[in-house]
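The following questions and answers examine how descriptive terms are earned. Please read each answer with the structure in view.

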Amino acid sequence: MTEDALKTAQWQLSEKEGQLVARNQEIKNLEAKLLERIKECQELTDALESAKYNLKQVTLLKMDLESKLSTGQENRTGF
């Protein structure tokens, strides 16, 4: 291998190594973003489950109050 060919190969190798370093950094950045999105997704899932539970509780309370109101009206009217 001639000296020029060796220098060209070394330069190409250096370029490839630089590209590899850049891609590895991109991967690390994307992994960090992915972890953040996973965390956000879990927080949203938890909030949704909490909202569902709260809605269920409010619905049960509403049904109970409507039942009591209906029973109270029936007692007053004799029906």
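Accessible areas come from the Shrake-Rupley method with a 1.4 Å probe, and for residues only the protein chains shown count as cover. This is a predicted model, in which local features need pLDDT of at least 70 and side-chain atom pairs count only at pLDDT 80 or more, while totals for chains, interfaces and linings use all residues. Residues are numbered from 1 along each chain as its sequence is written, and side-chain values use heavy atoms, with hydrogens and water left out.

Q: What area does the protein chain expose, and what share do carbon and sulfur atoms supply?
A: The protein chain exposes about 7500 Å². Carbon and sulfur atoms supply 60% of that area.

Q: How many helices and strands does the protein chain have?
A: Helices (H or I, at least four residues) and strands (E, at least two) are DSSP runs, numbered from the N terminus. The protein chain has 1 helix and 0 strands.

Q: Why is the protein chain called more spread out than a compact globule?
A: The radius of gyration is taken over C-alpha atoms, and the globule rule is 2.2 Å times the number of residues to the power 0.38. For 79 residues the rule gives 12 Å, whereas the radius of gyration is 34 Å, well over that value, so the chain is more spread out than a compact globule. Along its principal axes the C-alpha trace spans about 110 × 15 × 10 Å. In addition, the C-alpha atoms of Arg23 and Gln57, 34 residues apart along the chain, are separated by 51 Å.

Q: Why is Leu35 called exposed?
A: Buried means under 20% relative accessible area, exposed over 50%, and partly exposed in between (1.4 Å probe, protein chains only). Leu35 has a relative accessible area of 59%, so it is exposed. This residue lies in helix α1 (residues 3–77). Of the 79 residues of the protein chain, 0% count as buried.

Q: What makes Leu34, Leu35 and Ile38 a patch?
A: Patches are made of residues with over 30% relative accessible area and no salt bridge; like charges are joined within 9 Å, and nonpolar side chains (Val, Leu, Ile, Met, Phe, Trp, Tyr) within 5 Å. Leu34, Leu35 and Ile38 form a nonpolar patch on the surface, with about 310 Å² of accessible area together.

Q: How do you know that Lys7 forms a salt bridge with Glu3?
A: A salt bridge is a side-chain nitrogen of Lys or Arg within 4 Å of a carboxyl oxygen of Asp or Glu. The closest N and O atoms of Lys7 and Glu3 are 3.5 Å apart, which fits the rule. Both residues lie in helix α1, 4 residues apart, about one turn of the helix. Glu3 counts as exposed because its relative accessibility is 56%. By this rule the count comes to 6 salt bridges.

Q: Why are Glu26 and Arg23 separated by about one helical turn?
A: They are 3 residues apart in helix α1, and therefore about one helical turn separates them. Their side chains meet in a salt bridge (3.1 Å, N to O). Glu26 has a relative accessible area of 41%, so it is partly exposed. Arg23, at 47% relative accessibility, also counts as partly exposed.

Q: Why is Arg37 called partly exposed?
A: Its relative accessible area is 48%, so Arg37 is partly exposed. Arg37 forms a salt bridge with Glu40, the closest N and O atoms being 3.5 Å apart. Glu40 is partly exposed, with a relative accessible area of 32%.
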